[in-house]
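This report describes one protein model, beginning with a single residue and ending with the whole chain. Please look at the sequence and the structure before reading on.

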Amino acid sequence: MTGPRTLVVRLDSAGDVLLAGPAVRMAAAGSSRVTLLAGPLGQTAAELLPGVDEVLVHDAPWVGRAAPPVDRARTDALVDALAARRFDRALILTSYHQSPLPAALLLKLASVPWTAADSEDYPGSLLELRHRRAPGRHEARAAMDLAAAAGFALPDGDDGRLAIHPPPDTRPLTGPAPYLVVHPGASAPARAWSEQRAARAVAALARAGHRVVVTGGPAEKELTAAVAGEHALDLGGRTALHELAGVLAGARAVIVGNTGPSHLAAAVGTPVVCLFSPVVPAVRWAPYGVPHVLLGDQEAPCARSRAVHCPVRGHPCLDALGDAEVLAAVDRLLSTARSTSEARA
């Protein structure tokens with residue numbers, strides 16, 4: 001295929017990379033080759049995105065809560081790796097509160113001739129396209145807006161939703177359908193239930209007749225064991241990201257905080273009950289392109305604080321949710337799914 005060699009930069013976590021997926025496919029449709037520059041937390045998600053030919057990884061000092069110190073040798077190695085690939089153009093994708101300019105400077109040092117990004121800050125000569133994000137735009141939609149402004153478009157038949165490569169069959173792990181998934185953990189504890197509240201919700205779902213599967217990463221095995229208790233199947237630490245996608249794909253619905261697995265569920269088309277702490281705005285970060293219900297007080301005192309740990313005693317925006325609200329949200333999603341299935345039949 002003829003076309004530019006395109007670099008897409010998204011240096012954040014797995015969820016951020018998944019939200020970049022539609023914009024990546026736009027770039028791929030108009031390029032001969034697409035390389036995605038990701039951070040270490042987003043690498044595995046980047047490898048799952050359709051349209052990505054190569055993934056490069058850089059732990060950027062201006063990104064993340066545990067950002068590494070600036071290192072001249074690592075920075076020079078990145079610039080050399082980018083320069084060797086002779087990119088024709090680049091898209092720098094960032095969240096609404098981030099600056100693209102540190103990455104743009106490195107791309108200029110790597111002789112990338114044309115770079116586009118959303119930027120509120122004056123970019124000088126660092127950007128060829130300084131794009132302005134529409135107010136209140138969802139993160140996935142904002143990335144697509146930038147790609148469109150750079151001259152890219154979705155290929156025919158692409159609905160613009162989140163997507164990954166087909167996940168593996170995980171029925172040997174989960175057992176047969178139907179089941180619900182509860183994913184109790186989050187990298188930012190402010191975005192999830194407390195352990196005790198999650199355990200009560202799992203028990204309530206089980207009493208209501210639902211089979212529940214509890215998921216989590218290797219560092220969350222104690223959490224998932226406590227949350228699953230005697231009421232659910234505990235898969236904590238037993239799934240890498242692609243296997244987790246398979247578990248989510250087989251679920252009727254997923255109950256999860258505003259964290260990466262929420263976007264992974266959306267990428268495999270599974271409805272989401274999203275426990276949405278308002279530390280970031282839901283208009284930008286809600287599950288994209290799938291039926292979903294948002295639970296949580298969006299006007300709580302922590303709203304738009306970007307807090308990692310809840311600053312309000314008792315975590316009321318999420319822990320105050322009643323079991324009846326959770327069960328009603330699940331029933332609403334399952335009813336919507338049945339109606340949609342019947343309409344297509």
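## The surroundings of V279

Apart from its neighbours within four places in sequence, V279 is in contact with A190, R191, C302, R304, S305, R306 and A307. The structure is a predicted model. V279 belongs to the loop between strand β11 (272-275) and helix α12 (282-285).

Is V279 buried or exposed? Its relative accessible area is 1%, and residues under 20% count as buried, so V279 is buried. A second residue, L93, lies 186 residues from V279 in sequence. The C-alpha atoms of V279 and L93 are 21 Å apart in space.

## The six-stranded sheet

Strand β11 is part of an open sheet of six strands with parallel pairing. Which order do the strands follow? Across the sheet the order is β9-β8-β7-β10-β11-β12. At the edges are β9 (233-234) and β12 (292-295), each of which pairs on one side only.

In general, strands of a sheet pair through backbone hydrogen bonds, in either a parallel or an antiparallel way. Here, β7 (residues 180-183) and β10 (residues 253-257) are paired in the parallel sense, with four bridges between them. Within this pair, V181 has V254 in β10 as its bridge partner.

## Helices against the sheet

Helix α8 (residues 195-207) lies across three strands, β7, β8 (212-214) and β10. Its direction makes an angle of about 155 degrees with β8.

Helix α10 (residues 241-249) has five buried residues to list: L244, A245, G246, V247 and L248. What covers them? The cover includes the strands β7, β8 and β10, together with the helices α7 (171-174) and α11 (260-267).

## The protein as a whole

The protein contains 14 helices and twelve strands. Its radius of gyration is 20 Å, close to the 20 Å that the globule rule gives for 345 residues, so the protein is as compact as a globular protein of that length. The C-alpha trace spans about 60 × 50 × 35 Å along its principal axes.

Of the 345 residues, 51% are buried. Among contacts with a separation of 6 or more, 62% are between residues 24 or more positions apart. The exposed area of the protein is about 14900 Å², and carbon and sulfur atoms supply 52% of this area.

How values were computed
Residues are numbered from 1 along each chain as its sequence is written. This is a predicted model: local features need pLDDT of at least 70, side-chain atom pairs count only at pLDDT 80 or more; totals for chains, interfaces and linings use all residues. Side-chain values use heavy atoms; hydrogens and water are left out. Two strands pair if DSSP finds at least two bridges between them. Helices (H or I, at least four residues) and strands (E, at least two) are DSSP runs, numbered from the N terminus. Contact means heavy atoms within 4.5 Å. Axes are lines fitted to C-alpha atoms, for helices over the stretch in contact, and angles run from 0 to 180 degrees between N-to-C directions. Buried means under 20% relative accessible area, exposed over 50%, partly exposed in between (1.4 Å probe, protein chains only). The radius of gyration is taken over C-alpha atoms; the globule rule is 2.2 Å times the number of residues to the power 0.38. Accessible areas come from the Shrake-Rupley method with a 1.4 Å probe; for residues, only the protein chains shown count as cover.
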